[in-house]
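Visitor: Could you take me in for a close look at just one part of this protein? I'd like to see the place where its two domains meet.

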Amino acid sequence: MKTGLTHLYIPGPTNVPEAVRRAMNVPMQDMRAPDFGDLTLDLFTGMKKVLRTEKGRVMFFPGSGTGAWEAAITNTLNPGDKVLMGRYGHFSTLWVEMAQRLGLDVEVIDIPWGAGAPVRDFSRRLGRDTTDEIKAVFVTHNETATGVTSNIAAVRQALDENFHNALLFVDGVSSVGSLEFRMDEWEVDLVVTGSQKGLMLPAGLGILGVSEKAMEASKTATMRRAYFNFADMVAMNADGYFPYTPPTQLFHGLRESLALMESEGLDQVIARHHRLAEGVRRGVAAWGLNLVAEHHTLYSDTVSAIRVPKDVDAREVIRIAYEDYSTSFGSGLGPLNGKVFRIGHIGDLNEGMCLTALSIAEIALVRAGVPLQMGKGVGAAQEWFLSAANAATSYGVAAE
Ligand SMILES: *Cc1c(COP(=O)(O)O)cnc(C)c1O
C-alpha cells in the first residue's frame with residue numbers, strides 16, 4: 001500500500017491547484033440557458049491576455065492540443081498546399097505526420113533532437129520561394145520531448161526579411177501560460193495549446209489563438225473539416241455559446257486558473273517558471289549530467305530532459321521513482337527512450353516541489369547505477385533558490 005502524497009513531475013497533465021479542483025466541483029448546468037455567457041465570455045478575454053493578443057480570436061474546442069493542431073490546419077489550408085516544418089523532437093515529428101495525413105505537401109527540415117527551430121534554414125528556403133508557394137511555416141515553440149524552447153520572434157523576422165506571406169503556425173502547448181508568448185508582437189497566425197499544461201487543468205480543451213489573417217484564410221480554405229469548424233464556432237461564440245456540448249466543468253476550472261494567473265501576474269508566472277527551472281538545472285549540473293538541449297539559450301523553463309550515462313537505463317530511474325517513491329518523471333520519447341528522463345516543472349509548482357523532484361531523482365539515479373553523491377543536486381538547487389531569495393530582497397521586491 002502506498003501512503004502520503006504522490007508527486008507529479010511530468011510536463012502534462014500538470015498538477016491542478018486545489019482552488020481549481022474545487023471550482024470544477026459544481027452541478028451540471030444548462031448550456032443553452034440565457035445566462036450561460038456569464039460563465040464563458042470572460043474566458044475569451046482572459047485567454048487573450050495569456051496569449052498577449054488584442055487582435056486575435058480565441059477558440060475553445062472540446063479536445064486536446066492535438067485536436068487544436070488539426071483545427072488550425074484544416075480551417076486555413078488547402079489540400080496539397082506546401083508547408084515548411086522543422087523536425088527536432090517527438091511533438092514536431094507528430095505534427096509533421098498529421099500534416100502529411102491531412103494531405104499537405106510537407107517540406108521537412110530535419111535537425112538534431114536538442115536543437116531549436118532551424119531559423120536560418122527557414123530563412124534561406126523562404127528567400128528562394130519568390131512566388132509564395134509555401135503557405136505556412138510550423139514551429140513547435142517548446143519541444144516537450146527535448147526541453148528546448150525556440151525563438152518565435154526570430155522565425156517571424158525570417159518571414160518578414162524575406163517579404164514572405166506564409167501563415168505562422170505555432171505549437172504553444174507546453175509554453176503558453178508558462179513561457180513568454182506574444183501572439184500580436186510576433187504576428188503568430190495560429191497558436192495551439194491544451195488545457196492540461198500551463199493552464200493547470202485536466203485535459204479536455206484544445207485552445208487556439210487565431211489572427212485576423214488566419215480568419216481571412218479560413219473563409220476560402222478548401223480542406224475538409226466538420227467537427228473543428230471555425231465558422232460554426234465563431235457564430236455561436238458571439239454570445240458565449242458553442243456548436244456542441246462544451247465541457248462546462250473545465251470552463252469553471254479555467255475561470256479559476258485564469259484568476260490565479262492574473263493575481264500572480266503573467267510576468268511573475270513566467271519569472272517563477274524561470275527561477276524554478278534554473279534550480280532544477282543547477283541540480284542536474286551538480287550531478288554532472290547533461291541536458292538534451294544543446295545550448296543554454298535553448299533551455300526550456302517548463303521541462304528538462306536529462307541524459308543518463310550510456311550504461312544506465314533511464315527507464316529504471318523512472319520505474320524506481322514511480323514504484324518506490326510515488327513520483328512520476330517524464331520518459332524519453334521516441335529515440336530518447338531509455339536514454340533520457342524528464343522533469344516537468346510547469347504549472348502549479350514551487351521551490352519545495354522542485355527540491356523533492358531532485359531528491360527523489362537522486363535516489364532513483366543512484367539505485368539505477370549512476371554514481372552520485374547524495375544531496376549534491378538538491379544542495380545546488382537550494383543554493384540557487386537562496387541566492388534568488390536574497391536578490392529579490394536586496395532589490396526591495398516584497399517577499400510573498
Ligand atoms: C502535450 C503536447 C502536445 C499534445 O497535446 P495533447 O493535448 O496531448 O493532444 C503537443 N505539442 C506539445 C509541444 C506538447 O507538449
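How many salt bridges are counted between domain 1 and domain 2?

Guide: Happy to! Keep in mind that we're looking at a predicted model. The count between domain 1 and domain 2 is 1 salt bridge. You can find it at the side chains of Arg 52 and Asp 267, which come together at 3.0 Å, N to O. Now let's place those two residues. Domain 2 runs over 18-262, while domain 1 is made of two stretches, 7-13 + 266-394. That puts Arg 52 in domain 2 and Asp 267 in domain 1. Asp 267 also falls within the α10 range, 266-287.

Salt bridges aren't the whole story here, though. Across the interface of the two domains, the rule also turns up 8 residue pairs in polar contact. On the domain 1 side, α10 (266-287) and β11 (303-307) each bring at least two residues to the surface that touches domain 2. The largest share of that side comes from α10, with 5 residues. Sort the residues of this side by type and you get 15 nonpolar, 7 polar and 6 charged.

Let's step back to the meeting place as a whole. In contact there are 28 residues of domain 1 and 27 residues of domain 2. Between them, about 2100 Å² of area is buried, and carbon and sulfur atoms give 63% of it. As for the C-alpha centres of the two domains, they sit 28 Å apart.

Terms used
Residues are numbered from 1 along each chain as its sequence is written. This is a predicted model: local features need pLDDT of at least 70, side-chain atom pairs count only at pLDDT 80 or more; totals for chains, interfaces and linings use all residues. Side-chain values use heavy atoms; hydrogens and water are left out. Domain bounds come from an automatic or database domain assignment. Contact means heavy atoms within 4.5 Å. Buried area is the accessible area (1.4 Å probe) that two parts lose on being put together, summed over both. A salt bridge is a side-chain nitrogen of Lys or Arg within 4 Å of a carboxyl oxygen of Asp or Glu. A polar contact is a pair of N or O atoms within 3.5 Å; within protein, one must be able to donate a hydrogen and the other to accept it, and residues adjacent in sequence count only if both atoms are side-chain atoms. Helices (H or I, at least four residues) and strands (E, at least two) are DSSP runs, numbered from the N terminus. Ala, Val, Leu, Ile, Met, Phe, Trp, Tyr, Cys and Pro count as nonpolar, Asp, Glu, Lys and Arg as charged, and the others, Gly among them, as polar.
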